[in-house]
Amino acid sequence: MTQTKATTTGWQRLGRRILYTSFQTHLLISALLRIGLICYGQIHDSQSAVPYTDIDYKVVTDGARQVLAGDTPFARHTYRYSPIMAYLQTLNILLHPAWGKLLYATFDLLIATLIYRLVHMEIKSQYQKTVQHLLSKFNRPRDSDQSLDALDERSHPENLARASACFWLYNPLTAVISTRGSGDCFSSFFVILTIYLLLKSEHNVARSYWLIFGAGLAHGLVIHLRLYPLLFSLAYYLSLSTRLTQTPLDFLCQILRPNKQQLCLISGTLISLVAFTWTFYTMYGWEYIYEAYLYHFVRKDPRHNFSLQFLLQYLGSASSVAEPSAILKTLVLAPQFLLILYLSLSFGQFRQTLPFCIFAVAFVIVTYNSVVTSQYFIWYLAILPLCLNNFKMLSWRRCFGLLFLWLLAQALWLLPAYLLEFHTWNTFYWIGLQGAVFFVTNGYILEQLLSHYGFTQFKISYRKLL
Amino acid sequence: MDKAGMHRTLNYRMRFDIPLVGKDCEYVLLQDLPASVYISTDELDDLQRLKRLNAIYPKFVNIEVATERAHPFSVLLRGTPKITESLALPLHFRYHAPSDKRSAATVAIPLPELYLNCPMADSALIENELVARPDKLYCLNAPESRFDENHVKDGQPATMANLQRCNWRRVHVDCQLKMPLRAEIPVGQTSAYGPVLCGTILLGWSLALWTIIHSMANTRRINQRLNEQRLLQQKVK
């Protein structure tokens, strides 16, 4: 009994120590962890036929080799990225093959820094707004510079920001993905940077236009890097509105009559997107446009993946099956766009809810995508730490329940996929069914997160406040 | 070949007669692969780097297309004759287009062909009865990963490199298969397309509408509160 008590106290002490370790120390530990993983990858690859390094890392490195030889990176087959990725990895050839991994791991840490700063800024701002709102109810208006004395320790911005950053830093999935050489964290960094600049513009009125313009530049760059952030545009745009859109007419007015801030965002995005696209088009021609952009629209991948549309795509690949009509294609694609529109209008109209909106939109993009692999999960996992504080209405038990459901649905999908791939069983319909189960599970998780979202979850001491 | 799976390894156990072993000869095992099979050039590059494979294969093999749109190709496995030697070639089967006539497609992998190249002085080592076509010499066409018959044209320079490249003889192989070189690749039913299309549309719409209906109350409440905050702030300003 005494021993159990001592162990519990030990765990509690460890938990407290982790909680109070400075953010810089967490960054240092995470950096060492990532360097360790990169070293392990180098040793593993030199000995094993099953490589640790991501196949895309090799493709981009080959693209970089072509660039150094004065050729186009698209000369490497299956190179379907922005040429920027090849430029970034040229030092793989000139300096060391692990250079790119080191660079992506650095962006991993930069993401954590942005998460930390963004959450800190947002919690503080939300707290101040809540206090102001609360005080106005008691007819005791005060200026906006309230101290954080009335907050309990667990809701303190510093602690919440550190916990959110740690959620990213110690996530094994993200650490492994970046150290395997996947460039997803590079693009995720610019998605979070866009959100950060938009949120910062609300608190820094003097420089707000420049910050929004900067957000536009980052958004244009990330659309150039990966197409999917294009679908975040409506939410970014609406978050800069000054009044609530409630009717379709309001919405139309919002779109047709942008305010100054919205114009800054649009111009920043267009300048950056057009500049990058035009530069690379003049350098590499039509091949660049096709491989980096158009291919992703015409891509049909009938090989098994998590997507609900996998079975449909596979069965539709038969020459005897006619190409579906435009109406049928619209019916398949429309639910995704309907949800994106709904989420942008529901959570995109205020900057306080913007991080959650972008998370939910990314979640919908991945869930409804025609091809879904594990690597796509990073699109929303990178934004999830920004909104952890907003899920306080969900109990720990329910959180773990949802996580368990998400993992279980993947495990259930893996079984028929394994049987097809390694035992050549005819499990196409079983995979299709499990894809549908995973789809429904994701839908349920999203509904739970939407229904339990709360933006002002503070335990405020009224005695200290009043 | 491994018994099952879309990813298998072709294992060869080579045995040579003693007179060829330890000489300056070289062999190439030509493995033709049908359109329903592909190799990952990145995977083979890694194996070559680890010195677990010495092979010639096409620079680019499209791994994304289905069988019906793919083309056959060959892989050449190189080595020097030893009394016994094991070689392994990892290969992958492509998906086949769905059909209403079958639930599996049989893919047969042809037997490999063996080519030998001994220096001019040692060419007598290759016994005549061993050679499949004694009157023919073959040129190794590495860029296309195949062998071409050696047609000597007038005026073609008889360089040492050319002589060596075109000094290959195809020899008989006594193949002993541990199991048939055949694979049964599953195939879906085309007739299921209609119901699957309806199910996909129905499920996509149902989930989207259900999500919207269930979360609407909370989103309205949040927007109302945020709007109150905004109005208050505008008033304070």
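A residue counts as buried here when 20 or more other C-beta atoms lie within 10 Å of its own, with C-beta atoms placed from the backbone. By that yardstick, helix H9 of chain A is mostly covered, with 19 of its 20 residues buried. The model is a predicted one, and H9(A) makes a handy way into it. The helix runs over residues 184-203. From its first C-alpha to its last, H9(A) reaches 29 Å, close to the 28 Å expected at 1.5 Å a residue.

H9(A) also turns up in the way chain A is put together. The chain is divided into domain 1, residues 183-298, and domain 2, residues 301-466. Their C-alpha centres lie 23 Å apart, and the contact between them takes 19 residues from domain 1 and 19 residues from domain 2. On the domain 1 side, the elements giving two or more residues are H9 and helix H11 (233-239) of chain A. Of the residues on that side, H9(A) gives the most, namely nine. Sorted by class, the domain 1 side of this contact has 13 nonpolar, four polar and two charged residues.

Then there is the contact between the chains. Here 58 residues of chain A are in contact with 48 residues of chain B. On the chain A side, two or more residues come from each of helices H3 (55-68), H6 (99-137), H15 (310-315), H16 (326-347), H19 (396-423) and H20 (428-451). H20(A) gives the most to this side, with ten residues. As for class, the side of chain A that touches chain B has 34 nonpolar, 19 polar and five charged residues.

Chain B itself has three helices and twelve strands. Buried residues make up 24% of its 237 residues. Looking at contacts in chain B between residues at least 6 apart in sequence, 77% join residues at least 24 apart.

One stretch of chain B comes with an annotation. In an unreviewed entry, UniProt lists residues 192-213 of chain B as "transmembrane region". In the predicted model, the chain over residues 192-213 of chain B is 95% helix and 0% strand. The end C-alpha atoms of this stretch of chain B are 31 Å apart.

Technical notes: Residues numbered from 1 in each chain as written. Chains lettered and ligands numbered in written order. Predicted model: local features only at pLDDT ≥ 70, side-chain atom pairs only at ≥ 80, totals over all residues. Contact = placed C-beta atoms within 7 Å. Helix = DSSP H or I, 4+ residues; strand = E, 2+ residues; numbered from the N terminus. Nonpolar A, V, L, I, M, F, W, Y, C, P; charged D, E, K, R; others polar. UniProt positions renumbered as here; feature names shortened; annotations may be inferred. Expected span 1.5 Å × (residues − 1). Buried ≥ 20, exposed ≤ 12 C-beta atoms within 10 Å, placed from the backbone. Domains from an automatic or database assignment.
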